[in-house]
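The following exercises ask the reader to describe a chain step by step. Each task is followed by a worked solution.

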Amino acid sequence: MSLFDQINTAGNSNEDATKEKHLPTISVSKTDTGRYLVHIDVGQGKHPNEMDHWIQWAELRVNGLFIGRAEFSAKIMEPVADFVVNIESPCQISALIRCNKHGLWESSTSIG
Ligand SMILES: [Fe+2]
């Protein structure tokens, strides 16, 4: 099965096979106004962003529902995104990203 035939996760893919880091990391903190700041970092600086190989977008989902998306061109050197959201705890927060060469990758975390 190729990387383009599935949503790649830590559980079903060998990220080392791509020689780059694709799994997004998710950091969640509560703001002073009671909202949540969700920070998504794709690759932690270990994925190339070149004219023929880059992270195209990062999408935030809460309990599986679409919340927002940040789109990137190959000029973006650090594909990161911050979303301030009004969500109820407990919930599951997921980040889905797409690399034009290596497909879809997803990480999830829970709060509450
Ligand atoms: Fe890639």
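**Exercise 1.** State the order and pairing of the open sheet of three strands, and identify its edges.

*Solution.* Step 1: in this sheet the strands (DSSP runs of E, at least two residues, numbered from the N terminus) are ordered β2-β3-β6, and their pairing is antiparallel. Two strands count as paired if DSSP finds at least two bridges between them.
Step 2: β2 (24-30) and β6 (80-85) each have a single partner strand, so they stand at the edges, and one side of each lacks a neighbour in the sheet.
Step 3: on average, neighbouring strands of this sheet are turned by 15° against each other, direction ignored. The axes behind this angle are lines fitted to C-alpha atoms, and angles in general run from 0 to 180 degrees between N-to-C directions.
Step 4: seven bridges connect β2 with β3 (residues 36-42) in the antiparallel sense. Ser29, for instance, has Leu37 in β3 as its bridge partner.

The model is predicted: local features need pLDDT of at least 70 and side-chain atom pairs count only at pLDDT 80 or more, whereas totals for chains, interfaces and linings use all residues. Residue numbers start from 1 along each chain as its sequence is written.

**Exercise 2.** Determine the strand order of the open sheet of five strands, and describe its pairing.

*Solution.* Step 1: the order is β1-β8-β7-β4-β5, and the pairing is mixed.
Step 2: β1 (7-8) and β5 (65-71) are the edge strands, each pairing on one side only.
Step 3: β1 pairs with β8 (residues 103-111) in the parallel sense, over two bridges. Here Asn8 has Trp105 of β8 as its bridge partner.
Step 4: β7 and β8 run antiparallel and are joined by nine bridges; Ile93 is partnered with Thr109 in β8. A hairpin through three residues links β7 to β8.

**Exercise 3.** Is Ala95 buried or exposed, and which residues does Ala95 contact?

*Solution.* Step 1: Ala95 lies in strand β7 (residues 91-99).
Step 2: a residue is buried if 20 or more other C-beta atoms, placed from the backbone, lie within 10 Å of its own, exposed if 12 or fewer, and partly exposed in between. Ala95 has 24 such atoms within 10 Å, and is therefore buried.
Step 3: two residues are in contact if their C-beta atoms, placed from the backbone, lie within 7 Å. Apart from neighbours within four places in sequence, the contacts of Ala95 are Pro24, Ile26, Ile40, Ala58, Leu60, Glu106 and Ser107.
Step 4: His22 is 73 residues from Ala95 in sequence, and their C-alpha atoms are 11 Å apart in space.

**Exercise 4.** Describe the chain as a whole: how many helices and strands are there?

*Solution.* Step 1: the chain has zero helices (DSSP runs of H or I, at least four residues) and eight strands.
Step 2: the radius of gyration, taken over C-alpha atoms, is compared with the globule rule, 2.2 Å times the number of residues to the power 0.38. The chain has a radius of 14 Å, close to the 13 Å given by the rule for 112 residues, so the chain is as compact as a globular protein of that length.
Step 3: buried residues account for 23% of the 112 residues.
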